[in-house]
Amino acid sequence: MPQVKTKRLGQILVESGAITPEKLDLALREQKQTGEKLGVMLQRLGICTEREIARVLASQAGVACVDLTRIEVDRAVLALVARDYAETKSLLPLRLQGSTLQVAMANPLDLNTADELARLTGRYIEVVHAPESEIKDALLRHFGGQAGNGDDIPQLVEAARRAMDAGGNLGQEDSPYIRLVDGLLRQGVLDGATDIHLEPEEKVLRCRYRIDGRLVQGALMPSELLPIVVTRIKIMAEMNISESRVPQDGRIFFDGGRKKVDMRVSTFPTVHGETIVCRILDKEALIVGLDRLRMPEAMLEEFRRDITRPNGIILVTGPTGSGKTTTLYSALTFLNRPDTKIITLEDPVEYELPVINQAQVNNAKGFTFASGLRAVLRQDPDILLVGEIRDTETAQLAIRAALTGHLVFSTLHTNSATGAIPRLLDMGIEPLLLSATLVSVVAQRLVRQVCEACAEPAPPNPEQLAMLGLEARDIEGGKTRQGRGCSMCRQTGYRGRMAVFEYLGVDDRLRRLIADRRDVTELEKSVRESGRLILRDDAIAKYRDGHTTLSEVMRVVS
């Protein structure tokens, strides 16, 4: 992007209040070194999202900004514009009203393309704006991918089966086996899956995708294809293809069509052969920023205040896959400044953050959280992130770091915020030291969001209300909704996930209870008496506002 455009975008964002001059200065300095577009750098730094930039640019151009995740496009309208043209120009036809064709464009100021499109279609063009990534996703969703389209997977399976019958070689260029594996992986990327499961059974090889926290059935393949599929993935992940009796771990950098993703691959021997799970780490899907966590306002204000303290320990708790990484990265990007040194110890480093020193532990080489933390303290950090407190030594070193003037972030696997306190005490941490260093604990879970494309008003289920100890009057005035099911959400009624939170700020009363080594029952009683929100409260509030359903609330707070 030419320098004049970069300055103009920055000035527009500052004048609109989307970013501060200080944040713009940080992004411009980083951009000067990397050569990336300013918009991309602002997103990488967690300063603003692509959609926030889009709203500002749409306002500047005097056009509407649309959310393509909420719009289903009629096939007859799609047929008015050739796919190749739409992809080249980053545009998507949306609706036809009389002689007017509404078109979403990534660059709403491109008048030449609008005029050319009017000539090609013979219609008046109404331009609206949408982020480029949303347009590309919508094109893939409506037109399908070249090799990753779900409709193509059966053909790829059949081609691989025929090649096996004919004695085909995996090493052949453009092998049917290679195309099949690429198709299975690409399908997971296009569907927004977090994990791809390849599971051998007696007669079939089953592929499943974890989407919005739930497993969705994918392709069913003949079990004869298992060895060739496993071998191909092991080659891609640089694993030992001759070893099938012990678990292995590897990594794949995969081109998923619209975007490239990092996959962490794990193999595990079962009675029917090796099962494979590919964890998809999609940098574009990671939306960091405190304001985008969707914490209740009072809770967010307290969290923002606590993370700006000069020292102490802040913990985030929850099961695997509950969004802890997003919360921690959001805190770090908020604190990320040129005058602050931040170092992380992670297992693994899921997403790379600019201006932050990130290290990945390697237990096989003796680089553990404990040994890494001991070395990091000699690196003159201001803020530390320890991926997880797993043992007594790591816990004690984290306490020591907090006592010596560092702000420490970490995670624990506990069921509630208060549960983190007895967990640390059981690790051998002295109650007085814990009460002196613990600043706050965040507990969180993820609930599925109602699909915005097919959402409709829905009254609460009385039986579910009763199971949660609620009455109809507790939901009065709310905007309760559910999704009826559409192509956008694969007929599930849900699309995307959001976090529900519980926040435990350590005040003087709680410090005394910790120092006296009171049990978790007394700690929870103290929290309830203080009027703090717990997971159940936030989940019900988000149901009441129409973001999720009672079924999801019951699932996470039961």
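This passage describes the salt bridges, strand pairing, cysteines, nonpolar cores and one helix with its following loop in a predicted model.

Salt bridges were counted over side chains, and the total is 34. One of them joins Arg83 to Glu87, with a nitrogen-to-oxygen distance of 2.9 Å. Both residues belong to helix α6, which spans residues 83–89, and they stand four residues apart, about one turn of the helix. Arg83 is partly exposed, at a relative accessible area of 22%, and Glu87 is likewise partly exposed, at 35%. A salt bridge also links Glu522 with Arg518, where the closest N and O atoms are 2.8 Å apart. Here Glu522 has a relative accessibility of 34% and counts as partly exposed; the value for Arg518 is 32%, which is again partly exposed. In the salt bridge between Arg264 and Asp262, the N to O distance is 3.2 Å. Arg264 and Asp262 are both buried. Side chains of opposite charge can pair when their charged atoms come close. Beyond such pairs, a network of salt bridges links Glu302, Arg305, Asp306, Arg309 and Arg532.

The position of Arg264 and Asp262 can be placed in the strand pairing, since strand β8 covers residues 260–270. Strand β7 (residues 248–255) runs antiparallel to β8, and eight bridges join the two. Within this pairing, Gly250 has Val265 of β8 as its bridge partner. On to strand β9 (residues 273–281), β8 is joined by nine bridges, and this pair also runs antiparallel. Val265 is matched there with Cys278 in β9. The connection from β8 to β9 is a hairpin through two residues. Val265 thus has a bridge partner in the β7–β8 pairing, Gly250, and another in β9, Cys278.Cys278 also enters the account of the cysteines. The number of disulfides is zero. For Cys207, the closest cysteine sulfur is that of Cys278, at 8.9 Å, which is too far for a bond. Cys207 is buried, with a relative accessibility of 0%. Cys486 takes part in no disulfide either, and the nearest cysteine sulfur, belonging to Cys454, lies 3.7 Å away. Because a disulfide requires sulfur atoms within 2.5 Å, the Cys486 and Cys454 pair is not counted as one. Cys486 counts as buried, at 5% relative accessibility.

Nonpolar side chains tend to be buried together in soluble globular proteins. The largest nonpolar core of the model holds 39 residues. Within this core, Leu315, Leu424, Leu434 and Leu438 touch the most other members. Helix α15 (residues 392–403) supplies the largest share of the core, six residues. With residues up to four places away in sequence left out, the contacts of Leu434 are Ile399, Ile421, Leu424, Leu425, Ile429 and Ile514. Another core lies apart from the largest one and has 37 residues. Its members include Ile196, Leu225, Met239 and Val265, the last of which is the β8 residue paired with Cys278 in β9.

Helix α21 spans residues 535–544. Its buried residues are Leu535, Asp538, Ala539, Ile540, Lys542 and Tyr543. These buried residues pack against β15 (438–450), β18 (494–505) and α22. After the helix comes Gly546, which has a positive phi, near 85 degrees. Thr548 lies in the loop between α21 and α22, the latter covering residues 550–557. Thr548 is buried, with a relative accessibility of 0%. A polar atom of the Thr548 side chain lies 2.7 Å from the backbone oxygen of Arg448. Leaving aside residues up to four places away in sequence, Thr548 touches Val447, Arg448, Val450, Arg481, Ala539, Lys542, Tyr543 and Val553. Among these contacts, Ala539, Lys542 and Tyr543 also appear in the buried set of α21.

How values were computed. Residues are numbered from 1 along each chain as its sequence is written. This is a predicted model: local features need pLDDT of at least 70, side-chain atom pairs count only at pLDDT 80 or more; totals for chains, interfaces and linings use all residues. Side-chain values use heavy atoms; hydrogens and water are left out. A salt bridge is a side-chain nitrogen of Lys or Arg within 4 Å of a carboxyl oxygen of Asp or Glu. Buried means under 20% relative accessible area, exposed over 50%, partly exposed in between (1.4 Å probe, protein chains only). Two strands pair if DSSP finds at least two bridges between them. A polar contact is a pair of N or O atoms within 3.5 Å; within protein, one must be able to donate a hydrogen and the other to accept it, and residues adjacent in sequence count only if both atoms are side-chain atoms. Contact means heavy atoms within 4.5 Å. A nonpolar core is a set of buried Ala, Val, Leu, Ile, Met, Phe, Trp, Tyr and Cys residues joined through side-chain atoms within 4.5 Å.
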